Amino acid sequence: MALLEIKNLEKSYREAGGILRGVSLNVEKGEVVVILGPSGCGKSTLLRCINGLESIQGGEIYLDGELISNRKKDMHIIRQKVGMVFQSYDLFPHMTVLKNVMLGPIKAQKRNRDEVVKRAESLLDRVGLLEKKDAYPRQLSGGQKQRVAIVRALCMNPDLLLFDEVTAALDPEMVREVLDVMVDLAKEGRTMLIVTHQMEFAKAVADRIVFIDDGIIVEENTPGEFFTSPKSDRAKKFLEAFKF
């Protein structure tokens, strides 16, 4: 059984029509799947549907065999199993780095404070930010804020991690430090679904590339095959835009 199963997912907005049209996708435990596609094709919407931030109009989403789509009453419980990192960081400005990381595990999961402190500090140390644990978000660079956001998601011990264009808002020199953390997570066997426009990163980290256009999956392939011999004309045209 796949860790994540998406069956015939339909998502539409009254003013925009269909955004996702019959999307079906499985993600195995320990697999890193990178979603590529042009802006507005439905990539980020797909992640938001998985995490319950968007309702769906059709289809089903399963996590480890459990139906998780459109479960409004207990979606807060599901989100403890599905960590999501956004491009906008969303850190609380009035809290220190350590308190930002600890908030979810203590408030939502009711975990022991001493255990959470130990876990949070270990994760911050791992991404090179332990010395910043008492700093506030305004005192951090964009890359440091994004690494804190990743640590915050990890501290919840999720089964699945979703990354939505996490480097899009960063200056070019800060992108590398965030991508390095994500590469390390892939190496340790984390299950991840990643939306990105970083082609070299996608090649390095993905077990599988999923290419979406106009709300449907156009192509799925290994990174080696996708980037050297894409099957569809639409994927070929998309990749041409990244060649210089």
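Two strands pair if DSSP finds at least two bridges between them. Strand E3 (residues 32-36) and E9 meet this with four bridges, and the two run parallel. The model you are looking at is a predicted one, and this pairing is a good place to start the tour.

## Strand E9 and its partners

Let us stay with E9 for a moment. On its E3 side, Val-33 has Arg-208 in E9 as its bridge partner. E9 also pairs with strand E10 (residues 216-221), this time in the antiparallel sense and over five bridges. One of the matched pairs here is Ile-212 with Ile-217 of E10. E9 and E10 form a hairpin that has two residues between the strands. In that turn sits Asp-214, with a positive phi of about 55°.

Is strand E9 enclosed or open to the outside? Six of the six residues of strand E9 (residues 208-213) are buried, so the strand is largely enclosed by the rest of the structure. In a regular strand the side chains alternate between the two faces of the sheet. For E9, one side carries Arg-208, Val-210 and Ile-212, the other carries Ile-209, Phe-211 and Asp-213, and all of these are buried.

## Strand E7 between E6 and E8

Strand E7 (160-164) tells a story of its own. Four bridges join it to E6, with the two strands parallel, and four bridges join it to E8, again in parallel. On the E6 side, Met-84 stands opposite Leu-162 of E7. On the E8 side, Asp-164 has Val-195 as its bridge partner.

E7 is mostly covered, with five of its five residues buried. Leu-160, Leu-162 and Asp-164 make up one side, Leu-161 and Phe-163 make up the other, and both faces are covered.

## Helix H5

Now to a helix. H5 has 13 residues and spans 19 Å from its first C-alpha to its last, close to the 18 Å expected at 1.5 Å a residue. Why can H5 be called largely enclosed by the rest of the structure? Buried means under 20% relative accessible area, and 12 of the 13 residues of H5 are buried, so the helix is largely enclosed. Among the buried residues are Gly-142, Gly-143, Arg-147, Ile-150 and Arg-152. The cover over the buried residues of H5 includes E6, H3, helix H4 (113-126), E7 and H6.

## An exposed lysine in H3

Helix H3 (residues 97-107) contains Lys-99. Is Lys-99 buried or exposed? Lys-99 has a relative accessible area of 51%; because exposed means over 50%, Lys-99 counts as exposed. Along the sequence, Lys-99 and Tyr-136 are 37 residues apart, and in space their C-alpha atoms are 9.6 Å apart.

## Pockets and a cavity

Rolling a probe the size of a water molecule over the atoms shows where empty space is left. Here are three such spaces.

| Space | Volume | Lining by class |
|---|---|---|
| Largest pocket | about 520 Å³ | 12 nonpolar, six polar, four charged |
| Second largest pocket | about 200 Å³ | five nonpolar, one polar, five charged |
| Largest cavity | about 40 Å³ | six nonpolar, two polar, one charged |

The largest pocket is lined by 22 residues, and those nearest its centre are Asn-51, Arg-79, Met-84, Arg-152 and Met-156. Strand E6 (82-85), H3 and helix H5 (142-154) are the elements that give two or more residues to this lining. H3 gives the most, with six residues. Two names return from earlier sections: Met-84, the residue opposite Leu-162, and Arg-152, a buried residue of H5.

The second largest pocket has a lining that includes Met-199, Lys-203, Phe-227, Pro-230, Lys-236 and Phe-242. Helix H7 (199-205), helix H8 (223-228) and helix H9 (233-240) each supply at least two residues of this lining.

How many cavities of 30 Å³ or more does the structure hold? There is one. Glu-165, Val-166, Thr-167, Leu-179, Met-182, Ile-194, Val-195, Thr-196 and Phe-201 line the largest cavity. Helix H6 (172-187) and strand E8 (192-195) each supply at least two residues of that lining. Val-195 is a familiar name here, as the bridge partner of Asp-164.

Definitions and conventions. Residues numbered from 1 in each chain as written. Predicted model: local features only at pLDDT ≥ 70, side-chain atom pairs only at ≥ 80, totals over all residues. Heavy atoms only, no water. 1 Å grid on protein atoms, 1.4 Å probe; cavity = no way out; pocket = protein on both sides within 12 Å on 5 of 7 lines; lining within 4 Å. Points joined across faces, edges and corners; volume = space filled by probe spheres on them. Nonpolar A, V, L, I, M, F, W, Y, C, P; charged D, E, K, R; others polar. Buried < 20%, exposed > 50% of the residue type's maximum accessible area, 1.4 Å probe, protein only. Expected span 1.5 Å × (residues − 1). Contact = heavy atoms within 4.5 Å.
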